[in-house]
Structures are given as structure tokens and as C-alpha cells.
Amino acid sequence: MKDLILIGGGGHCKSCIDVIECEGKFSIKGIIDKKERFGEEVLGYPIIGSDDDIELLSKKVKNFLITIGQIKNVKPRIDAYLSLRSLDISLPVIISPLAYVSKHAHIGEGSIIMHFSQVNASSRIGINCILNSKCLVEHDAIIGDHCHISTGAIINGGVQLGSRSFFGSGAISRQSSYIPDDSFIKANSIVQ
């Protein structure tokens, strides 16, 4: 298994750890979080440093995953992504073995596809995205960069979801709709 360091040790990190363990391709070497959390553990994995330590750690470990959640503010995820891209590292795609991803779909680097999600044929998922548990991205849908599709959400066929958008739990889009960049779709919404 390849070594992996996680960026962010909150609640979303716990869900990511579960998917990473289930996938079985990476060995988590530690978590980056705030300096005051150094020495704490998240589900048995140590917080080994802060943002100040990433460059040094990148000389030893080449795989990183951003495990900061995205509900109110996407900026921390984008900042972490840009910081990591400036280093000689890899941002792997993590896919739960309990999810279905069509071989005809494209998933951008640093994205995570969580348990029981479904990504169908000819759909495109951008970089640094979260596809949370039980969401559906239908055929020919295009999800922009740095998006979060929340639990149980449905993105129907041909939809274009702009970058940096949050699509809430249980929300449903009409097929072939266009949703602009930086959208915040509330839970249980119907997007026309």
C-alpha cells in the first residue's frame, strides 16, 4: 500500500478514513491540522503536524488527500489544493468499493467518491470534489472543480454544476439544467 497524509482532522476526515480503509490502497501515515491539535488522534491516526509541516512531509510521503469538509466555505479546500499543487506530490482519486463508478466516467485528481455513491457513464467530476454517501451523478453530467455533492443528492443526466458549488443533502436537479459557479443548493431543494 502507498503512504497517504490527510489534510484536515474534523468530521469529514472520519468519513474519508472509513472510505480509505475500505478501499485498501493507501496506508494513512498521519493527519495535518491546527498546531494546537498536534498529538491528538482521529480514529486512531495521529495528527502529525500543521500546514507549516506539509513541505517537509512531502519529501517523505508523495500522496495527500484533502479531508476538510465543505458546507459553508470552500476556500479552505481550495487553499489546501493550491498549496499541495505547488509541491511534488500526488492527489489520488479515492473511490469506495461500495460505490459504483462507470468506466466511462472521468474523476478529477484529489476527489473522493464515498460509500454507495453512483457515477454513471459519460459524467465528468472535477478536481478536489466530494461525492458524499449515496449521491447519484447521472450520465453526461458535468461537475465543476472543488464541488461537494452531499448525501443522497441527485444530479440528473446532462446537468452542468459550476465550480465551487455545494449541492445539499437530498437535493434533486432537473435533467440538463445549468447551475452556475459558486452555487449553494439547500438540502431537499428541487433545482429547475
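Where does K134 lie? In this predicted model, K134 is placed in the loop between β12 (130–131) and β13 (136–137). The backbone of K134 has a positive phi of about 65 degrees, although the residue is not a glycine, and K134 is exposed, with a relative accessible area of 60%. A positive phi in a residue other than glycine is also found at F116, where the angle is near 65 degrees. F116, too, belongs to a loop, namely the one between β9 (112–113) and β10 (118–119).

The strands β9 and β12, which precede these two loops, are both part of an open sheet, in which six strands follow one another in the order β6-β9-β12-β15-β18-β21 and pair in parallel. The edges of the sheet are taken by β6 (94–95) and β21 (184–185), each of which has a single partner strand, so that one side of each is left without a neighbour in the sheet. Within the sheet, β9 and β12 run parallel and are joined by two bridges, and I113 stands opposite L131 of β12.

L131 also appears in the largest nonpolar core, which contains 23 residues, and in which I125, L131, I143, I149, I155, L161 and F167 touch the most other members. For I155, the contacts beyond its neighbours within four places in sequence are with L136, V137, E138, A141, I143, I149, L161, F167 and S173. A second core, separate from this one and made up of 18 residues, includes C16, I31, I94 and I130.

Helix α3, which spans residues 75–85, has R77, I78, A80, Y81 and L84 as its buried residues. When the helix is seen down its axis, these buried residues fall within an arc of 165 degrees, so they line one face of α3. The spacing behind such a pattern follows from the geometry of the α-helix, which has 3.6 residues a turn, so residues three or four places apart point the same way. The buried residues of α3 pack against several elements, which are β1 (2–7), α1 (11–23), α2 (54–57), β5 (64–66) and β12. Strand β12 is thus a member of the six-stranded open sheet and also a packing partner of the buried residues of α3.

The cysteines were examined for disulfides, and the count comes to zero. For C22, the closest cysteine sulfur is that of C16, and because the two sulfurs are 13 Å apart, whereas a disulfide requires them to be within 2.5 Å, the distance is too far for a bond. For C135, the closest cysteine sulfur is in C129, at a distance of 10 Å, which is likewise too far for a bond. The surroundings of the two residues can be described as well: C22 is partly exposed, with a relative accessible area of 36%, while C135, at 1% relative accessibility, counts as buried.

A further loop residue is S183, which lies between β20 (178–179) and β21. S183 is buried, with a relative accessible area of 13%, whereas the loop residue K134 is exposed. A polar atom of the side chain of S183 lies 2.6 Å from the backbone oxygen of P180. Leaving aside its neighbours within four places in sequence, S183 is in contact with R164, S165 and F166.

Note on methods: Residues are numbered from 1 along each chain as its sequence is written. This is a predicted model: local features need pLDDT of at least 70, side-chain atom pairs count only at pLDDT 80 or more; totals for chains, interfaces and linings use all residues. Side-chain values use heavy atoms; hydrogens and water are left out. Helices (H or I, at least four residues) and strands (E, at least two) are DSSP runs, numbered from the N terminus. Buried means under 20% relative accessible area, exposed over 50%, partly exposed in between (1.4 Å probe, protein chains only). The arc is that of the directions from the helix axis to the C-beta atoms. Contact means heavy atoms within 4.5 Å. Two strands pair if DSSP finds at least two bridges between them. A polar contact is a pair of N or O atoms within 3.5 Å; within protein, one must be able to donate a hydrogen and the other to accept it, and residues adjacent in sequence count only if both atoms are side-chain atoms. A nonpolar core is a set of buried Ala, Val, Leu, Ile, Met, Phe, Trp, Tyr and Cys residues joined through side-chain atoms within 4.5 Å.
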